[in-house]
Amino acid sequence: MNRAIYPGSFDPVTLGHLDIIKRASAIFDEVVVGILNNPQKSPLFSVEERVKILEEATADLPNVFIDCFSGMLVDYAKANDINVSIRGLRSISDFEYESQIAQYNDRLSNGKLETIFLVTSPEYSYISSSGVKEVAGFHGDITPYLPEFVADLVKEKYNYS
Ligand code: ADP
């Protein structure tokens, strides 16, 4: 069985992330969306909230599972029989950062964790969680970037509707 992980912060999950999740679920037997619990970041949504949001957003994809992890991705992957890490690529700057991470993970896993890049669909190429939060900070329209129920939850956090 080919199990893949799509790791990230997903704070919040965007239509760009969901496009990658959907496309990965058509390629792999199972896809685990791994929410990285990073104590150094102060997120908009807690890990528990993000798990619930992602579960709802991927409810129509039976081979997609949501989990969270702290520590190194290679350790989580090894413990869970996962041999592929999926990352999304939006731009050259994503590539520069992501290729380094992929090379670290290759070395750290002794070649047992392969990284596979899925190139963003053009309509989502400029969308990022941080961009969405910036717009929300100004009470702007975030509905084009997120599933409707996620947009409502983000607006609640920023006290507007
Ligand atoms: P991180 O905080 O580690 O960057 P994110 O949750 O922002 O995590 O992103 C997780 C992964 O999803 C990364 O590989 C990122 O490049 C990818 N990604 C983010 N937004 C998009 C998008 N709009 N289209 C395609 N891939 C994306």
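User: Which residues of α1 are buried?

Analyst: Happy to help: they are G16, H17, L18, D19, I20, I21, A24 and S25. Buried means under 20% relative accessible area, with exposed over 50% and partly exposed in between (1.4 Å probe, protein chains only). This is a predicted model, where local features need pLDDT of at least 70 and side-chain atom pairs count only at pLDDT 80 or more, while totals for chains, interfaces and linings use all residues. Residues are numbered from 1 along each chain as its sequence is written, and side-chain values use heavy atoms, leaving out hydrogens and water.

User: Why is α1 called largely enclosed by the rest of the structure?

Analyst: Because eight of its eleven residues are buried. Helices like this one are DSSP runs (H or I, at least four residues), as are strands (E, at least two), numbered from the N terminus.

User: What makes the link between T14 and G16 at the start of α1 a polar contact?

Analyst: A side-chain oxygen of T14 comes within 3.2 Å of the backbone nitrogen of G16. The term asks for a pair of N or O atoms within 3.5 Å; within protein, one must be able to donate a hydrogen and the other to accept it, and residues adjacent in sequence count only if both atoms are side-chain atoms.

User: What makes a set of residues a nonpolar core, and which members of the largest one touch the most others?

Analyst: Such a core is made of buried Ala, Val, Leu, Ile, Met, Phe, Trp, Tyr and Cys residues joined through side-chain atoms within 4.5 Å. The largest has 36 residues, and I21, L54, I86, I142, L146 and V154 touch the most other members. Helix α2 gives the most to this core, five residues.

User: Which residues does L54 touch?

Analyst: Leaving aside residues up to four places away in sequence, L54 touches F10, V13, I21, V33, I35 and I66. Contact means heavy atoms within 4.5 Å.

User: How do you know that a space is a pocket, and what is the volume of the largest one?

Analyst: On a 1 Å grid over the protein atoms alone, a pocket is an open set of points with protein on both sides within 12 Å along at least five of seven lines; lining residues have an atom within 4 Å of a point. The largest has a volume of about 1200 Å³, the space filled by probe spheres set on the points. Of its 46 lining residues, P7, G8, S9, R87 and E98 are closest to the centre, and α4 gives the largest share, eight residues.

Technical notes. 1 Å grid on protein atoms, 1.4 Å probe; cavity = no way out; pocket = protein on both sides within 12 Å on 5 of 7 lines; lining within 4 Å.
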